[in-house]
Amino acid sequence: MKLNEYTTLGRTGLRVSPLCLGTMTFGTEWGFGAEEDVSKQQFNRFLEAGGNFIDTADGYTNGHAEELLGKFVTDGKLRDRVVIATKYTFGAQPGNPNGGGNGRKNLYRALEGSLRRLKTDYVDLYYLHAWDTFTPIEEVLSTMDDLVSEGKIRYYGMSDTPAWYFSRMQTIAEKEGKERIATLQLEYSLAERNIEREHIPAAQELGIGLCPWSPLAGGFLSGKYKKEGNSGTGVGRLTGRGAIFNKFTEHNWRVLEVLQDVSKKLGKPPVQVALNWLVTQPGVTSVILGARTTVQLEDNLASLDFSIPAELRERLEIAGAPETAHPYNFYVPWMQARVSGNVTVRPWRPANIYVGATAPPPEQKAAGDD
Ligand SMILES: NC(=O)c1ccc[n+]([C@@H]2O[C@H](COP(=O)([O-])OP(=O)(O)OC[C@H]3O[C@@H](n4cnc5c(N)ncnc54)[C@H](OP(=O)(O)O)[C@@H]3O)[C@@H](O)[C@H]2O)c1
């Protein structure tokens, strides 16, 4: 695969590169990013390599990331060339409950601010950043639909929401002839695979793309941290101010051990193997890269240059797979054989379900025994 082998953003006509440049590291306000010159170098290098998809948010580095991106795009006269995604949700005005959240008032306030910082009159892809747990689906949907009609956004997406939430929104949009959700943005990596249960099958069923964030689990999958008791040591974002969620878990250390072994066999660094695995996972549209330096970016861009042989992929597949849980234990092949009277049925396409690491069948009983 190459960076300029573009794909469509879900069921839309928008072409995006298989890697997207994340800008949470544009600016140092959050204690772990890059200064303007390095951010600009990364931006230029990404475009030169064939990338066209850039991800930001209104709050990243307190608005500085959007300002830098707006400057780079404007200075380079690149507005038509790049696909800019940004997001709204998080509170920007302490003490003002409507200065944050998913409601219509905040959505318009946040978008106007993003357009100003980005120095543009439209956003290509506008995300709800995270569910605020109470704004009605219909309010978000009708506002996004209006914004497409007004020309302020071209497409919209959902980030960090439950699967039922975006599934219901998409269904209402289809029934009412409104603009459909183009894509999802969720945490997904070898270390964090919970969305394989519900979000990915739902997205595939509903024609929605998927752009994973934190593909290296914040840098954990590079292998630069060492286990120490219940924590980790080493120099990087996760031992500095940038750790949002704890990545030093027993589960993650086990996954890393397998990743390092597979990487050794492939002769590739763990970051490239982790990214390659993710880019080629079912349902994935474009993986959002995070890099603090241009050297890291180069390293990460090289993840498209090879493929992982089936037997090594299988090892990675098993390493961090979410446990089979109810009700998915009903969809494993031996249980389905009981559903169909032990007759093999080949559906018109493989089912959109996650069954996980499956336990062997118990001793067979005749149908109707229980
Ligand atoms: N929707 C959401 O809720 C959400 C949440 C988070 C992020 N995002 C988006 O996703 C993007 C990527 O997320 P992320 O930054 O968490 O991605 P990530 O790839 O998991 O982590 C990136 C960090 O890992 C380290 N790193 C990257 N490449 C490396 C390499 N080759 N070798 C060693 N270390 C390396 C760097 O940190 P250090 O060198 O400082 O250790 C870098 O800042 C963000 O920029 C943002 O656009 C979205």
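## A tour of the predicted chain

Begin with the whole chain in view, coloured by secondary structure, where you can follow 11 helices and 12 strands; keep in mind throughout that this is a predicted model. Along the principal axes, the C-alpha atoms fill a box of roughly 70 × 50 × 40 Å. A compact globule of 370 residues would have a radius of gyration near 21 Å, and the chain, with 22 Å, agrees with that. Buried residues make up 51% of the 370 residues, while the surface that the chain exposes comes to about 17,300 Å², of which carbon and sulfur atoms supply 53%. If you display the charges, you will find 41 positive and 44 negative ones, with mean positions 2 Å apart. Among contacts between residues at least 6 apart in sequence, 75% join residues at least 24 apart.

**First stop: G50.** Select G50, which sits in the loop between helix 1 (36-48) and strand 4 (53-55). Which residues are in contact with G50, once its neighbours within four places in sequence are left aside? They are L3, N4, Y6, S17 and R81. With a relative accessible area of 9%, G50 is buried, because buried means under 20%. For a sense of distance, add L186 to the selection: G50 and L186 are 136 residues apart in sequence, and their C-alpha atoms are 24 Å apart in space.

**Second stop: N62.** Move on to N62, in the loop between strand 4 and helix 2 (64-75). Here the backbone deserves a careful look, since N62 has a positive phi of about 55° although it is not a glycine. Is N62 buried or exposed? At 59% relative accessibility, N62 counts as exposed.

**Third stop: T135.** Now select T135, which lies in the loop between strand 6 (123-128) and helix 4 (137-150), and which is buried, with a relative accessible area of 8%. Show its side chain together with that of D132, and you will see the two joined by a polar contact of 2.5 Å. Not counting residues up to four places away in sequence, T135 also touches N102, G103, V140 and Y165.

**Fourth stop: D160 and S167.** Select D160 in the loop between strand 7 (153-159) and helix 5, where another positive phi, of about 50°, occurs in a residue that is not a glycine; at 29% relative accessibility, D160 counts as partly exposed. Then step into helix 5 (residues 163-176) and select S167, which counts as buried at 18% relative accessibility. A polar atom of the S167 side chain lies 2.7 Å from the backbone oxygen of A163, and beyond the neighbours within four places in sequence, S167 is in contact with A202 and L206.

**Fifth stop: F220.** Next comes F220, in the loop between strand 9 (209-213) and strand 10 (226-228), which at 1% relative accessibility counts as buried. Show the residues that F220 touches, leaving out those up to four places away in sequence, and you will find Y225, L238, K247, F248, N252, W253 and L256. If you also mark V287, which is 67 residues from F220 along the chain, the two C-alpha atoms are separated by 16 Å.

**Last stop: H326 and P327.** Finish by selecting P327, in the loop between helix 10 (310-319) and helix 11 (333-339), together with H326. What kind of peptide bond joins H326 and P327? The bond is cis, with an omega of about 5°.

Key: Residues numbered from 1 in each chain as written. Predicted model: local features only at pLDDT ≥ 70, side-chain atom pairs only at ≥ 80, totals over all residues. Heavy atoms only, no water. Helix = DSSP H or I, 4+ residues; strand = E, 2+ residues; numbered from the N terminus. Rg over C-alpha atoms; globule rule 2.2 N^0.38 Å. Buried < 20%, exposed > 50% of the residue type's maximum accessible area, 1.4 Å probe, protein only. Contact = heavy atoms within 4.5 Å. Areas by Shrake-Rupley, 256 points an atom, 1.4 Å probe, with all protein chains shown as cover. Lys, Arg positive; Asp, Glu negative; His and termini not counted. Charge placed at Lys NZ, Arg CZ, Asp CG, Glu CD. Polar contact = N/O pair within 3.5 Å; in protein donor to acceptor, adjacent residues only side chain to side chain.
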